[in-house]
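Subject: Structure handover

Hello,

Here is the structure I promised to pass on to you. Have a look at it first, and then read on for my notes.

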Amino acid sequence: MIERGHPQVSLVRQCKLLKLSRSSVYYVPREQCQEDLDLMYLIDQQHLETPYYGSRKMRVHLERQGHRINRKRVQRLMRTMGIQAVYPRPRTSIPGDGHKVYPYLLKGLKIDRPNQVLATDRVHLTVRYYPKGQNGRPPYPLSAMLRVHCMQLFYNLSDPAMEDALYEIESMRH
């Protein structure tokens with residue numbers, strides 16, 4: 001983007017043309033000091049054991065190990081490493097805008113025998129490239145393979161020739 005030492009266009013002119021501040025061009029990031037790297041290693045190790053620790057508990061943990069550190073520094077180091085405490089976020093049970101609510105279709109239905117209700121869900125996966133087929137069979141989407149598997153379980157079909165026949169049915173492919 002910026003070419004230093006260009007023979008025709010100066011650095012000031014390049015910054016003006018790209019609408020960049022010159023200070024961002026000259027900026028050289030500081031290297032992390034060894035103490036920060038050591039603390040980041042300890043934070044990472046503790047985060048693997050207790051991913052629910054936020055900056056407050058992490059500070060207490062580090063102080064118990066003999067490190068004098070404040071919470072703001074722990075926050076900065078965790079943010080630098082991309083670490084965040086794992087806990088339930090607020091408003092997770094409230095549906096978003098445009099979320100369709102599906103009706104419960106079994107309301108009032110008495111389920112009193114096995115296999116009366118088959119619990120399935122339509123699987124739609126967008127996979128750009130499928131793995132190559134084996135045994136000369138063309139590759140099929142995962143949803144088609146799951147559908148064939150459910151058919152085998154439902155009708156108790158375990159013969160490999162029957163599996164090939166199911167894959168050849170046009171309605172099973174899509």
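**Two helices with two sides, and a few other finds**

I began with the first helix. On one side of H1, Lys16 and Leu17 are exposed. The other side is the one with the buried residues: in H1, which spans residues 11–18, these are Leu11, Gln14 and Cys15. They sit on the same side of H1 because they cover an arc of only 100° around the axis. The general rule behind such patterns is familiar: an α-helix has 3.6 residues a turn, so residues three or four places apart point the same way. Among the parts that cover the buried residues of H1 is helix H2 (22–26). Just after H1 comes Lys19, with a positive phi near 60°.

Please keep in mind that this is a predicted model. As for the overall picture, the protein chain has eight helices and zero strands, so the order of elements from the N terminus reads α-α-α-α-α-α-α-α. The chain has 174 residues, and 18% of them count as buried. It exposes about 15100 Å², with carbon and sulfur atoms supplying 53% of that area. Looking at contacts with a separation of 6 or more, 40% are between residues 24 or more positions apart.

**Back to Leu17**

Leu17, which lies in helix H1, turns up again on the surface. Its relative accessibility is 54%, and therefore Leu17 counts as exposed, the cut-off being over 50%. Together with Met1, Leu18 and Leu20, Leu17 makes a nonpolar surface patch of about 430 Å².

**Helix H5 and what covers it**

Which residues of helix H5 are buried? In this helix, residues 71–81, they are Arg73, Val74, Leu77 and Met78. Their arc around the axis is only 130°, which puts the four on the same side of H5. Lys72 and Arg79 are exposed on the other side of H5. The cover over the buried residues of H5 includes two helices, H3 (34–49) and H4 (55–64). H5, too, is followed by a residue with positive phi: here it is Gly82, near 80°.

One residue to look at in H4 is Ser55. With a relative accessibility of 13%, Ser55 counts as buried, because the cut-off for buried is under 20%. Setting aside neighbours within four places in sequence, Ser55 is in contact with Arg71, Val74, Gln75 and Met78. Val74 and Met78 are among the buried residues of H5 listed above.

**A pair of tyrosines**

How many aromatic pairs are there? The count comes to one. The ring centres of Tyr52 and Tyr53 are 5.4 Å apart and the ring planes stand at 85°, so this pair is edge-to-face. The cut-off for that label is over 60 degrees. Are the two partners buried or exposed? Tyr52 is partly exposed, with a relative accessible area of 48%, whereas Tyr53 counts as buried at 19% relative accessibility.

That is what I have for now. If you open the structure, H1 with its exposed Lys16 and Leu17 and H5 with its exposed Lys72 and Arg79 can be viewed in turn.

Best wishes

How values were computed. Residues are numbered from 1 along each chain as its sequence is written. This is a predicted model: local features need pLDDT of at least 70, side-chain atom pairs count only at pLDDT 80 or more; totals for chains, interfaces and linings use all residues. Side-chain values use heavy atoms; hydrogens and water are left out. Buried means under 20% relative accessible area, exposed over 50%, partly exposed in between (1.4 Å probe, protein chains only). The arc is that of the directions from the helix axis to the C-beta atoms. Contact means heavy atoms within 4.5 Å. Patches are made of residues with over 30% relative accessible area and no salt bridge: like charges are joined within 9 Å, nonpolar side chains (Val, Leu, Ile, Met, Phe, Trp, Tyr) within 5 Å. Accessible areas come from the Shrake-Rupley method with a 1.4 Å probe; for residues, only the protein chains shown count as cover. A salt bridge is a side-chain nitrogen of Lys or Arg within 4 Å of a carboxyl oxygen of Asp or Glu. Rings of Phe, Tyr and Trp (its six-membered ring) pair if their centres lie within 6.5 Å; planes under 30 degrees apart count as stacked, over 60 as edge-to-face and the rest as tilted.
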